[in-house]
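Please read the following note with the sequence and the model side by side. The points are numbered so that each may be checked in turn.

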Amino acid sequence: MEKLIEICGLNKSYGKKQVLNNVDLTVENGQIIGLLGPNGSGKTTMLKIMTGLLKDYQGVVKIDGKSVGAESKAVVSYLPDEPYFSDWMKVNDVLGIFRDMYHDFDETKCKRIMDKFKIDNKMRIKSMSKGTKEKFQLALVMSRKAKLIIMDEPIGGVDPAAREVILDTILENYDENQTILIATHLIADIERIFSNVVFIKEGNIVLDKDVETLRQETGKSIDELFREEFKY
């Protein structure tokens with residue numbers, strides 16, 4: 001299979017604090033992967049390096065065979081862990097930005113997902129709840145024909161009922177030619193959609209395996225294995 005993410009010897013520190021410690025990771029195309037670890041384990045830092053938001057690091061990071069930069073960014077669709085639109089904007093303003101910035105943005109698909117979430121074109125961002133903002137951003141991110149979709153805690157700000165809707169939306173709109181990388185610590189709610197999982201602990205990769213093999217070898221759920229590893 002095609003290698004979509006190649007990370008070798010990745011190190012990142014903030015002052016004296018080592019956040020990522022000599023990380024090696026290879027991700028093949030056509031998977032839904034969980035990047036799993038507690039808060040502070042290095043998940044968000046890894047994602048920001050892959051998306052080009054953090055540039056001060058040591059090691060090699062390639063996306064679709066290209067070093068992180070303009071070319072790699074063109075094939076990555078990123079859902080951050082916090083809203084990134086100004087409150088004064090309307091939904092239509094944001095759609096216009098995505099239409100202008102991303103040639104692979106499918107506005108028809110986005111509006112279809114928005115309809116499912118009952119998000120109207122004329123809504124202002126400031127009028128949305130945190131959960132609605134996350135659903136809107138999910139609709140935008142899933143509507144790009146990007147090779148790699150990166151999501152940071154996509155269900156962190158919504159109630160359990162809405163989590164199911166969001167996960168179903170991800171599965172319904174997932175293209176087999178894409179890879180989705182999801183960073184989260186909410187394992188029980190989301191593990192059903194993963195094909196592979198990567199455990200990250202204090203900046204180190206401690207597990208990288210496909211889900212079915214893990215379940216067969218251990219007889220345990222991913223959530224149970226996570227709780228054992230991180231003593232939850």
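1. A definition is needed for one of the points below: helices (H or I, at least four residues) are DSSP runs, numbered from the N terminus. Helix α4 is such a run, and just after α4, K118 takes a positive phi of about 60°. The reader should bear in mind throughout that this is a predicted model.

2. Helix α4 covers residues 107-116, and within it E107, K109, C110, I113 and M114 are buried. Do these residues line one face of the helix or lie scattered around it, and what is the reason? Viewed down the axis of α4, the buried residues fall within an arc of 155°, so they line one face of the helix. Turned away from this buried side is a face that carries the exposed residues T108 and D115.

3. What do the buried residues of α4 pack against? Their partners are α3 (91-101), α5 and α6 (160-173). At the start of α4 there is also a link from side chain to backbone: a side-chain oxygen of D106 reaches to within 3.2 Å of the backbone nitrogen of T108.

4. Strand β3 comprises residues 32-36 and is mostly covered, five of its five residues being buried. From β3, I32, G34 and L36 point one way, whereas I33 and L35 point the other way, and all are buried.

5. Which strands pair with β3? One of them is β8 (residues 179-184), which pairs with β3 in the parallel sense over five bridges. Strand β9 (residues 196-201) also pairs with β3 in the parallel sense, over four bridges. L36 illustrates both pairings: L36 stands opposite T184 in β8, and in β9 its bridge partner is F199.

6. The largest nonpolar core has 46 residues, and those with the most contacts inside it are F136, L140, M151, I170, I182, F194 and I222. Helix α5 (residues 130-142) supplies the largest share of this core, six residues. Apart from this core lies another, of 26 residues, among them I5, V27, L54 and V76.

7. F194 deserves a separate look. With its neighbours within four places in sequence left aside, F194 is in contact with I32, I33, G34, L36, I182, T184 and V211. Of these contacts, I32, I33, G34 and L36 are residues of β3 that are buried.

Technical notes. Residues numbered from 1 in each chain as written. Predicted model: local features only at pLDDT ≥ 70, side-chain atom pairs only at ≥ 80, totals over all residues. Heavy atoms only, no water. Core = buried A, V, L, I, M, F, W, Y, C linked by side-chain atoms within 4.5 Å. Buried < 20%, exposed > 50% of the residue type's maximum accessible area, 1.4 Å probe, protein only. Helix = DSSP H or I, 4+ residues; strand = E, 2+ residues; numbered from the N terminus. Contact = heavy atoms within 4.5 Å. Arc of directions from axis to C-beta. Polar contact = N/O pair within 3.5 Å; in protein donor to acceptor, adjacent residues only side chain to side chain. Pairing = 2+ DSSP bridges.
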